[in-house]
Amino acid sequence: MGATDFRTAAAPGTGRRQAGLIKLALVLALAASVPAMANDGIGSVSAGGIVVGKTDAVAMKKEVLTVSPDLIKVEYEFLNESASDVEETIFFPLPAYEAGYHPSPTYYGQPQQFSIEVDGKRRDYQTMVAALIGGKDVTARLKALGLSEAQIAYFPLFTLFDKKVAPLTATQQKAMIGEGLLAKLYDEESWVPAWSVKISYVWQQKFPAGKTVRVRHQYAPFVAAGPGASYLGDGNDFEKKYCGDKAFYASWNKLARKQGESGFVNARWVSYILKTGNTWKNGIEDFTLNLVKGKPDELISLCFPGTFTKINPTTLQVKLRNFRPKQNLEVYFGNVEGMSENTGEAPVLRGSYQLKK
């Protein structure tokens, strides 16, 4: 296939994650790596797969990742290669969002169509809520002032998700203003949270010795769309992020000329946090990436190792062995139909999970 369909390239490497049990800091670090997203669609927000502490017992034998602008589906096979049963803490970190005022919940909260299954059955999970200001965790202080997790996640004055929670008392508000936990909303008199919210879905997963555990999850990705996604700019930033080549640009410009003065090529950008695969023993032993277009004449561009094969008119596939991702996945889908955007839903608060010491 030519670059009019897709463009791939190897990406620069990064160091391995240090060994040790996963801590809250790892999950929060993933949140810090997520780029900001404006409602005009000029950025992209990453969600990803499940996260576990560095383990020498459990191997990720297989991962099949299917990516389209409408749905991300991930299917895993894990094998406990040790002689004893193992129990691990599993995280699914949601993208962080500012607790202060926003005009809409676009690109925040829980992605639509979210589900997790283990061995074919829906998996229950608990919730871990964290509030951060400038990288500092202020969750314990907010709770000491009497705020519930619902108040932290769905602030009572300017909630993103239209969730009704108890208002702050005058004493709480005074203390929070004095400690910098609340900030003025522009030049108005209203006070809004100064913190960002990081929510993770968490559960304990048993991996019996010598047995395969199959995990599947899916969700609608937070998609960057609109005019900001439909221009390539000067090409430098695009080339670094999506590895476009001359053939790709020629195809893109040809499509743009057909649009007349507007020069739009409808596009969607999809991001996926892929590097968490390095937390498993041996990385991802058998990895498959499927890129699914909405129609055969869409353009796809991304930076990724390996050689893609066209397995049907709308699906490109690459397979890798013993894959240790060196960067997260960024995919450009061009010449797409429509400009709809996936908005977030209110994150589920389902029992408060406490990290074991």
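In the predicted model, one side of helix H7 carries the exposed residues Lys246, Lys254, Arg257 and Lys258. The opposite character is found in Phe248, Tyr249, Ser251, Trp252, Leu255 and Ala256, which are buried within H7. These buried residues lie on the same side of the helix because they cover an arc of only 160° around its axis. Such an arrangement is in keeping with helical geometry: an α-helix has 3.6 residues a turn, so residues three or four places apart point the same way. Helix H7 comprises 13 residues, 246–258, and spans 19 Å from its first C-alpha to its last, close to the expected 18 Å.

The loop between helix H6 (236–242) and H7 contains cysteine 243. This residue is joined by a disulfide to cysteine 303, with an S to S distance of 2.0 Å; a search of the whole structure finds 1 disulfide. The link is right-handed, with 105° about the S-S bond. Cysteine 303 is located in the loop between strands E17 (299–302) and E18 (309–312), so that the pair connects distant parts of the chain, 60 residues apart. Both cysteine 243 and cysteine 303 are buried.

The largest nonpolar core consists of 64 residues, and those with the most contacts inside it are Leu65, Trp195, Leu289 and Phe304. Strand E12 (residues 196–207) gives the most to this core, contributing 5 residues. Another core, of 13 residues, lies apart from it and includes Phe238, Trp252, Val265 and Trp269. Beyond its neighbours within four places in sequence, leucine 65 is in contact with residues including Ile72, Val74, Tyr272, Leu274, Phe287, Leu289 and Leu329.

Terms used: Residues are numbered from 1 along each chain as its sequence is written. This is a predicted model: local features need pLDDT of at least 70, side-chain atom pairs count only at pLDDT 80 or more; totals for chains, interfaces and linings use all residues. Side-chain values use heavy atoms; hydrogens and water are left out. A nonpolar core is a set of buried Ala, Val, Leu, Ile, Met, Phe, Trp, Tyr and Cys residues joined through side-chain atoms within 4.5 Å. Buried means under 20% relative accessible area, exposed over 50%, partly exposed in between (1.4 Å probe, protein chains only). Helices (H or I, at least four residues) and strands (E, at least two) are DSSP runs, numbered from the N terminus. Contact means heavy atoms within 4.5 Å. The expected span of a helix is 1.5 Å times one less than its number of residues. The arc is that of the directions from the helix axis to the C-beta atoms. A disulfide is a pair of cysteine sulfur atoms within 2.5 Å.
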